Each structure stands twice: as structure tokens, then as C-alpha cells.
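Student: I would like to go through this structure term by term. Please start with the helix residues and explain each word as it comes up.

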Amino acid sequence: MDDDDDDEKFIESLMMKDDKTNKSGVAKNNNNNQGSCTKIQKVDKSKMMTKNEIKKYYFPQMIAIGPTHAEYHEKNNQNKNNLKKILVKKFIKDGGNLEARSLLKEIKEKFTLDEQNKLFHEKVKTKLNQGQLARMLFQDGCVVLQFIHSYVNGEIIEFNEISIAEIDQICQDLLLVENQIPFEVLVILMRLSKIGSDLAKSVYHFISMNIMAPDIFYEKRLNHNLSRVPANPEELFRGNNMLRLPVHLLDLLRSELLYEEEQEQECRDPPIPDDDHKPEREKIKNKGDASAHSSSYYQRSFRNVQDLKEVDIKLKANYSKGLKSVSFSSTSLFFSPTLKLPPLIVDNSTKQKLLNLVAYEMFPDNNKRNYAIASYVRLLDSLIDCEKDVKDLRSAHILRNLLGSDKEVAELFNNISYINLGPKHDIYVDVKKQIQKHYQKKWSSWTAEFHQQHCRNPSTFFAFLVGLVILVATCIQAIYTVIQAE
């Protein structure tokens with residue numbers, strides 16, 4: 001049986017012989033905005049955690065997307081495969097009665113064997129040929145878009161196949177690093193759908209719902225993204241409408257968490273020159289960069305939030321740049337130093353999201369290599385030692401605890417710190433060095449004591465100011481008296 005016969009059989013089984021439409025809506029996809037060559041691959045979990053933890057945090061529980069866990073789910077979750085067929089049929093119907101065969105053909109033409117090798121690690125698709133993978137991409141692309149669109153618009157409950165708890169689990173499954181398909185598949189399907197622009201808006205809404213920050217901090221960013229969605233679906237993710245095409249959904253979540261908008265150059269593997277052939281200035285520069293971004297570049301004395309309080313460092317929430325909204329302002333006589341941190345909602349899905357984002361950053365072919373999420377996790381771990389630290393972060397509106405107890409939150413970040421977070425690059429090392437510098441100053445304790453005694457209570461602070469004015473006035477009068485006597 002040739003590949004065309006396989007396609008026909010696949011379409012018939014998928015559509016249950018109900019695909020009688022004659023409107024294809026197919027347009028050629030001339031996408032030249034491939035933003036990254038990071039492959040979809042498996043996480044190296046051998047030295048990270050137990051088998052039960054691996055399954056809990058990296059394996060899809062409800063729906064497998066892409067080839068990594070497809071075989072397991074096909075054997076064990078037949079009812080969820082039926083849900084996939086329902087979602088595909090609804091996608092094709094709501095998209096303007098699209099022709100399924102034409103959609104599949106479009107996917108196959110785009111994702112040639114050479115293109116697949118660029119996007120998938122060989123260990124991910126070892127048992128799939130080109131046609132099988134193309135059919136999987138088509139089906140799972142329709143499933144992802146239709147589920148997200150139905151979920152965001154409150155229509156997913158109409159599907160009798162799943163419960164509310166299962167819906168929540170599928171939302172988490174869609175953001176697992178091993179449970180991804182290329183975002184370009186979604187782009188092709190959105191461009192061919194009559195409601196493609198609405199689908200794109202739903203994707204942005206879905207990502208914003210998983211941003212782990214209160215809505216009030218993210219609404220402006222979301223509105224900015226929605227304003228860039230063109231009315232014509234064929235123009236989606238072209239030109240200025242989207243500066244960089246995400247690798248997949250998890251990559252889009254990471255970009256939104258970090259407010260990344262810069263144009264990414266197409267990823268190519270540059271030759272790595274031998275150190276002996278590098279210019280001397282370049283050697284010095286690289287050596288400096290390596291030390292500047294190493295978390296071991298400085299000796300940290302402060303251990304947690306309680307230590308920061310001892311030197312009167314205040315905590316304040318800030319989300320102007322997503323998770324990059326970390327800054328430290330130094331002290332003056334009457335104003336305490338302030339550490340600004342982005343607010344974070346901690347619930348049952350937080351650890352899983354952070355672990356998968358970190359795992360994605362650790363992929364060896366990831367062309368970003370700034371390890372921002374891993375740096376953020378390290379920063380929180382350096383601040384959180386016990387439940388008192390969590391309580392203080394809550395009081396500063398930096399953490400919103402939906403887990404139950406502050407102890408659980410403390411244990412969450414302490415446990416993450418034992419997992420391999422990859423290279424010791426740290427984008428927040430400068431902030432940590434500023435904190436350390438303040439912490440080490442001999443007069444820090446005096447400043448803190450001064451604030452404790454004179455600035456916290458308005459009446460004592462006012463009394464201090466009155467006393468200071470009287471002292472200054474007395475000195476001036478004494479000087480004036482001496483001058484007159486002469």
C-alpha cells in the first residue's frame with residue numbers, strides 16, 4: 001500500500017466517512033519566518049529525579065501531542081483518541097468546512113523529510129516514516145487549536161467525553177516540553193481556517209492564562225498581542241504581525257514570561273573556533289562573560305528573605321518586564337533599599353511548568369542560551385528557606401499561594417533546587433552582587449537599626465525630626481553668638 005492510500009485510509013478513519021465537503025480553503029504557505037532551529041526532543045532525566053517524578057512532571061496524563069508519547073497513549077487511552085477525532089471534525093467544520101485531504105497535503109508538502117530532521121530529534125521519531133509523522137502533525141495540530149479555542153471561549157464543557165478535572169489536566173499536558181509539535185503546523189492550519197484570526201487570539205489568551213501572574217499585571221501585554229493579530233488569517237505571523245515564530249507552545253509561553261520581542265535570527269550552527277585561533281581580545285571578552293554570568297562568581301552571605309530584612313531591604317512587586325522585572329535599588333539615609341520581584345501565582349501546576357521551561361532551556365541546540373527561567377528559579381530558591389520567607393513574599397504581594405500552606409511553597413522551591421538546572425549561567429547575578437554588597441557594608445546594621453527605631457513609627461520619626469531641627473538651630477545660634485562676641 002503506497003503513502004496516498006495510507007492518507008486516504010487515515011482521513012476516512014479520522015472523519016468517520018463524514019467528510020463530504022468540497023471547500024478546501026487551502027492557500028500556499030510561504031512562511032519565511034522560521035525563528036529557531038531548536039528541535040523537539042526528549043529530556044535527559046537520568047540524573048534528575050525518580051521514575052515516579054519523571055512521569056508526574058514530564059509525561060502527558062490525558063492527551064499525547066506529537067510522536068514522543070504517542071505509542072503509549074494509543075495503547076492506554078483509546079477514549080482520548082476518540083476525543084481527538086471529535087476535535088478534528090469540529091476544527092474542520094468551524095473553519096469553513098475545510099477539506100481534510102487538502103489540509104493534510106499542505107502539511108506533507110511543508111514538512112518534508114529534510115524539514116522534519118531539522119525540527120525533531122532522531123530519538124523522537126525513530127519509528128515513524130515521513131507520511132506517518134505528517135498525518136500525526138495534521139491531526140494533533142487540529143486537536144491543539146480546537147481544544148484551546150473551545151477552552152478559552154467556554155465551549156469545551158460541551159464535550160461529554162471529558163470532565164472538568166480532565167480539562168485542567170489537558171491544559172497542563174499542552175505545555176509539556178516533550179508533548180509539542182512545531183508551531184508552524186498551527187500557523188499553517190490557522191491561515192487556512194476561516195476563523196484563523198480568532199484561533200490566534202485564543203492561543204494568546206490561553207498562554208496568558210498560564211503565565212503564573214495575576215491578570216492585572218498581564219492585561220496590557222495581552223492586549224498588545226491581540227492588537228497585532230490581523231483580520232485576514234492568511235497574514236497571521238507574517239512581517240510585523242509577529243517578530244519571531246515560536247518553536248512551539250511552550251516556547252511561546254517562555255517568550256511571554258520574559259517579554260521577548262526581539263527578532264531572532266535564523267539559527268545556524270556556526271563553526272566553533274579553537275581558542276588558539278581566536279583574537280586575544282575575544283578570549284578576554286569570553287572569559288569575562290563566563291565569569292560574569294556564573295552563579296559562583298560571588299560569595300553569597302545572605303541566605304533568605306529573613307537575612308535581607310535584617311539589613312532593612314524591602315520587597316516590592318514589579319511586572320514591567322515579566323520575569324525579568326528583577327532589580328535592586330540602593331539605600332539612602334531616609335529610604336530603605338528595595339528588591340523588586342515579579343509576582344508569581346503558586347498552584348498545583350507551577351512546579352510542572354517551571355520544570356518543563358527549565359528543561360527546554362537546557363536542550364543543547366537551544367539557540368537562546370540565556371537560561372532566564374533557570375536563573376529565576378535559582379533566585380527564588382536563594383530567597384526562600386522556610387515558610388516565614390514565603391509569608392513575607394506574600395505580604396509584599398510577590399507570591400500568591402494557592403497550594404494551601406506556606407510550608408508547601410517553601411518545599412516546592414527547595415526541592416527544585418536539588419534538580420539539575422543546567423549550566424550555572426545567571427542573568428540575575430548583577431542584582432545578587434548588589435544585594436551582597438549592601439549586605440556586607442558595615443553600616444548596614446546601623447542603618448537597619450536606625451530605621452527600626454526612628455522611621456517605622458510616624459510619631460517617633462516626627463520626634464526625631466523635631467529633635468534634629470532643634471539641634472541644628474542650637475548649633476546655628478551658638479555659632480552666631482560666637483561670631484557676635486568677636
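Tutor: The buried residues of α9 are F183, E184, V185, L186, V187, I188, L189, M190, R191 and L192. This is a predicted model, in which local features need pLDDT of at least 70, side-chain atom pairs count only at pLDDT 80 or more, and totals for chains, interfaces and linings use all residues. Residues are numbered from 1 along each chain as its sequence is written, and side-chain values use heavy atoms, with hydrogens and water left out.

Student: Why is helix α9 called largely enclosed by the rest of the structure?

Tutor: Buried means under 20% relative accessible area, exposed means over 50%, and partly exposed lies in between (1.4 Å probe, protein chains only). In α9, residues 183-192, 10 of the 10 residues are buried, so the helix is largely enclosed. Helices are DSSP runs of H or I with at least four residues, strands are runs of E with at least two, and both are numbered from the N terminus.

Student: How do you know whether L174 is buried or exposed?

Tutor: L174 has 4% relative accessibility and therefore counts as buried. L174 lies in the loop between α8 (164-173) and α9.

Student: Which residues is L174 in contact with, leaving aside its neighbours within four places in sequence?

Tutor: Contact means heavy atoms within 4.5 Å. The partners of L174 are I65, V144, F147, I148, N179, Q180, F206 and L249. The C-alpha atoms of L174 and A64 are separated by 8.4 Å, and the two residues are 110 apart along the chain.

Student: Why are α10 and α11 called roughly antiparallel?

Tutor: Angles under 35 degrees count as roughly parallel, over 145 as roughly antiparallel, 65 to 115 as roughly perpendicular and the rest as oblique. The axes of α10 (residues 196-209) and α11 (residues 215-227) cross at roughly 165 degrees and come within 10 Å, so the pair is roughly antiparallel. K201, Y204, H205 and S208 of α10 make the contact with Y218, L222, N225 and L226 of α11.

Student: What makes α5 oblique to α7?

Tutor: Helix α5 (residues 100-110) packs against helix α7 (residues 130-152) at about 120 degrees, with the axes 9 Å apart. That angle makes α5 oblique to α7. From α5, the contact is made by A100, L103, L104, I107 and K108, and from α7 by Q130, A134, R135, L137 and F138.

Student: What is notable about phi of M212 and of H397?

Tutor: Most residues other than glycine have a negative phi. Phi of M212 is near 65 degrees, a positive value in a residue other than glycine, and phi of H397 is also near 65 degrees. M212 is in the loop between α10 and α11, while H397 is in the loop between α17 (387-395) and β5 (399-401).

Student: How do you know which of these two residues is buried and which is exposed?

Tutor: M212 has 6% relative accessibility, so M212 counts as buried. H397 has 62%, so H397 counts as exposed.

Student: Why do β1 and β2 stand at the edges of their sheet?

Tutor: The open sheet has 3 strands in the order β1-β3-β2, with mixed pairing. Each of β1 (314-317) and β2 (327-329) has a single partner strand, so one side of each is left without a neighbour in the sheet. Two strands pair if DSSP finds at least two bridges between them. Between β1 and β3 (residues 338-341) there are 4 bridges, and these strands run parallel.

Note on methods
Axes are lines fitted to C-alpha atoms, for helices over the stretch in contact, and angles run from 0 to 180 degrees between N-to-C directions.
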